[in-house]
Amino acid sequence: MHPILKLVAQRLALSTLLLLAASVLIFAGTTILPGDVAQNILGQSATPESLANLRKELGMDQPATTRYFNWLFGALQGDLGTALTNGRDIVDSLGGRLKNTLFLAFWAAVVAVPLAIFLGLLAVRYRERWPDKLISAVTLASISVPEFLIGYVLMYYVGVKLGWAPTVSTIYDSMSLGEKLSAIALPVTVLTMVVLAHMMRMTRAAILNVMQSAYIETAELKGLTSFQVIARHAFPNAIAPVVNVVMLNLAYLVVGVVVVEVVFVYPGMGQYLVDHVAKRDVPVVQACGLIFAAVYIGLNMVADIVSILANPRLRHPK
Amino acid sequence: MSEKLLKVENLKIGARIYPPGEKPRNIDIVHGVSFELEKGKVLGLIGESGAGKSTIGLASMAYGRGGVEITGGKVWVNGREILGTNLRDLRKLRGTEVTYVSQSAAASFNPAKKIMEQVIEASLHQGKFSKKEAEARAVELFTKLGLPDPENIGNRYPHQVSGGQLQRCMTALALCPEPDLVVFDEPTTALDVTTQIDVLMAIKDAIRDTGVAALYITHDLAVVAQVSDEIMVLRMGDMVEHGTTDQIINNPVEEYTRDLVSVRSTQHEGKPPTDNPVLTVENVTARYKGTNFDVLHNVTMELHPGQTLAVVGESGSGKSTTARVITGLLPPREGKIHFDGRDLSPDLEGRSREDLRELQMIYQMADVAMNPRQTVGTIIGRPLEFYFGMKGKEKRARIIELLDEIELGVEFIDRYPAELSGGQKQRVCIARALAAKPKVIICDEVTSALDPLVADGILKLLENLQKVENVAYLFITHDLATVKAIADSIAVMYQGRVVRYGPKTEVLAPPFDDYTDLLLSSVPEMRLGWLEEVVQNRKMESAGN
């Protein structure tokens, strides 16, 4: 077997195991949480009998391991159960939310990743000079300000004062792509500012590291311009560390956007999760946890695989 | 302005250095060097490390490595003064008119790109050839340089070809844009002697066939004598002597040049073996963990008290692995190590402190073998504490004694490794090994990283110490000249086997086995025409077979 296939298969197997372990943690974590769903649903006036009946109905009387495996096999078949609070099928209500979250994350990534890499290349080209320092200062400043503050500031100046973009980002299926994009312009801007610095700094550091190599000197002595040297010779060898940090930030865009979603009233996963945590709706929390874990593990696996593929020694063995 | 291809006038080069614990300051590397080079001629630049030869070579492309800066003088290429021109014009010069071949092709090729792409990149970038033309020219050069499968080798990645082949690819890279001048910076130094000969011949042929002029930079006078028309000897940034190759080799004027020509003053009369060897390697077969092939096959050799056994071979021959087995770092699969009448435990854990003390080691890279944050005194004092429990005055007295033995003064006791020269560092490592009062010292390529004159000093020191301390050396090296200078007996290794073994006089006398013959005849000799002679002889032999 080609060594690459073997390595990729290894990564896939490891990721599956990891996801399984994460599912155990999520289930165990939600099970040992204090509070009782039945009590929550029925309220203060519930009798012990009605509580016991409801628990039985919800399957809460079975041992934890049985419940875990029922849940796991259900999840494997695409059935995440029903929400306790409103009795709706979780997959149905989650599907739309997940789509919205991915939509927002995708467009934030489309803006942020190329911009970060370009700024990183630019910072290397003008290292230790004013463009480098300006890029570093601006991106570090934007990552240091809390995202809700950036959100409200943008909302006030860009949305209210200038009127360039809507301040509420609620989107519906009936909207055209253009309308949707216009609606999410502000949250995308905020998210971009949050993830930019990390990726930009890593690109800069990884490329500077490669710039010490002898083959960079060879390229310079071929008469290439600085930017050609960086883009053609340094960047291909800096892909692995850059991809890793890009994937971490993509995962953050999917998993960590709760605040931005709330600020802009965006109907995504984060808001959905927060709502149901407050209501102790355990199946929904479990489902969200599982999806977040899958996204995190999946993206990191992609980063690993890309790093492997970026290595010519592995791609083209002797 | 000038008819010459390259004219360098009063070139001055400086650099900013950052010594530890001091303020950064500017130093001069090259103080006013002048020379000229005609079309199609080869000038050899020779000198020890720090002589400024690479710096001068790169200055012909107006390039300064790291913090190096050209501070004065003038350089003309094809009649144009290049030091005053702007970067854009320089870029047109680099990669078309002047190209560069570096010491380590392995590091100088981008690992992420195919060889062909890199070889033709400069030609395409400068618009000198179309892609098709450039590729055809590259294939032609690959053929000329004797690379296997010249049609397809360009489709490979750098890690997929051998070191010698990659060095030839680098030469093709430099010649592809039809430059007027190529700077060869130690192009064969990193190669084994048997490979060096082929690459050297390929470079020489390519220079002759393309009519390109070259600056050939090396520290090995015997090598430069084979390829250049003229030689310039440099020392500490000054020109020592400049003349035709014939004059420099056969009638050197300056004393320093004479030293370089007649280096290897160390002479050693081989001693006959004694009755009781101090170290015996018996039928050792070994492999590395996690692999399924042996790297050593039935290796047997003996080392006698107060004598030197030279283990010689090319990279990958198993000589360093043999040392790892002897020191216990790699337990053998089969075979035994006897030491001074007893069996040594195969692995390090099973060895007593006494075993460890009696078998010491000196390494190739002295600077990484020492803790940079410890003073010389601490470094040498450590084995005194560890093996003999010495403290205070007694320890200090012994350290000073040892410093005296390695011909360094008391003032070195408080210095840090960074404040020492390469030769001084190696001397401190020798003192550290001696401090344990060992019976055997394994010397692993201890002179390979040093300049010839410095290396010669180290060999002399080792020789003298052997007489005084009666210590035995297991001397691992790829350099046959070193072997001739110091060995009592020799083991020639090839692909994990000892192919020839015995007292020096026997091993170095004919009839030879094929490999030893190849190895011996590949060592560059300091005379004109040696390269052609060897290549001619080999052609005749292979035609005869």
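1. A good place to start is the open sheet in chain B, where 6 strands line up in the order E16-E17-E18-E13-E19-E20 with mixed pairing. At the edges sit strand E16 (359–362) and strand E20 (497–503) of chain B, each of which pairs on one side only. Going from one strand to the next, the twist averages 15°. Keep in mind that this is a predicted model.

2. Now zoom in on one pair from that sheet. Strand E17 (residues 440–444) and strand E18 (residues 472–477) of chain B run parallel, and 5 bridges join them. If you want one bridge to look up, try Asp444(B): its partner in E18(B) is Ile476(B). As background, strands of a sheet pair through backbone hydrogen bonds, either parallel or antiparallel.

3. Two helices are worth finding against these strands. Helix H15 (residues 422–435) of chain B lies across E16 and E17 of chain B, and its direction makes an angle of about 175° with E16(B). Helix H19 (residues 514–522) of chain B lies across strand E19 (489–494) and E20 of chain B, this time at about 105° to E19(B).

4. Stepping back, the domain assignment splits chain B into domain 1 (6–261) and domain 2 (279–509). Their C-alpha centres are 35 Å apart. Where the two touch, domain 1 of chain B puts in 8 residues and domain 2 of chain B puts in 7 residues. The domain 1 side of that contact consists of 2 nonpolar, 3 polar and 3 charged residues.

5. What about the other chain? In the contact between the chains, 23 residues of chain B meet 16 residues of chain A. On the chain B side, helix H2 (87–93), helix H3 (105–108) and helix H4 (115–125) each supply at least two residues. The largest share comes from H4(B), with 3 residues. By class, this side of chain B has 9 nonpolar, 10 polar and 4 charged residues.

6. Finally, chain B as a whole. It has 20 helices and 20 strands, and its C-alpha trace spans about 75 × 60 × 45 Å along the principal axes. A compact globule of 545 residues would have a radius of gyration near 24 Å, so the 25 Å of chain B agrees with that. Buried residues make up 44% of the 545 residues in chain B. Of the contacts in chain B with a separation of 6 or more, 70% are between residues 24 or more positions apart.

Terms used: Residues numbered from 1 in each chain as written. Chains lettered and ligands numbered in written order. Predicted model: local features only at pLDDT ≥ 70, side-chain atom pairs only at ≥ 80, totals over all residues. Domains from an automatic or database assignment. Nonpolar A, V, L, I, M, F, W, Y, C, P; charged D, E, K, R; others polar. Pairing = 2+ DSSP bridges. Helix = DSSP H or I, 4+ residues; strand = E, 2+ residues; numbered from the N terminus. Axes fitted to C-alpha atoms, helices over the stretch in contact; angles between N-to-C directions. Rg over C-alpha atoms; globule rule 2.2 N^0.38 Å. Buried ≥ 20, exposed ≤ 12 C-beta atoms within 10 Å, placed from the backbone.
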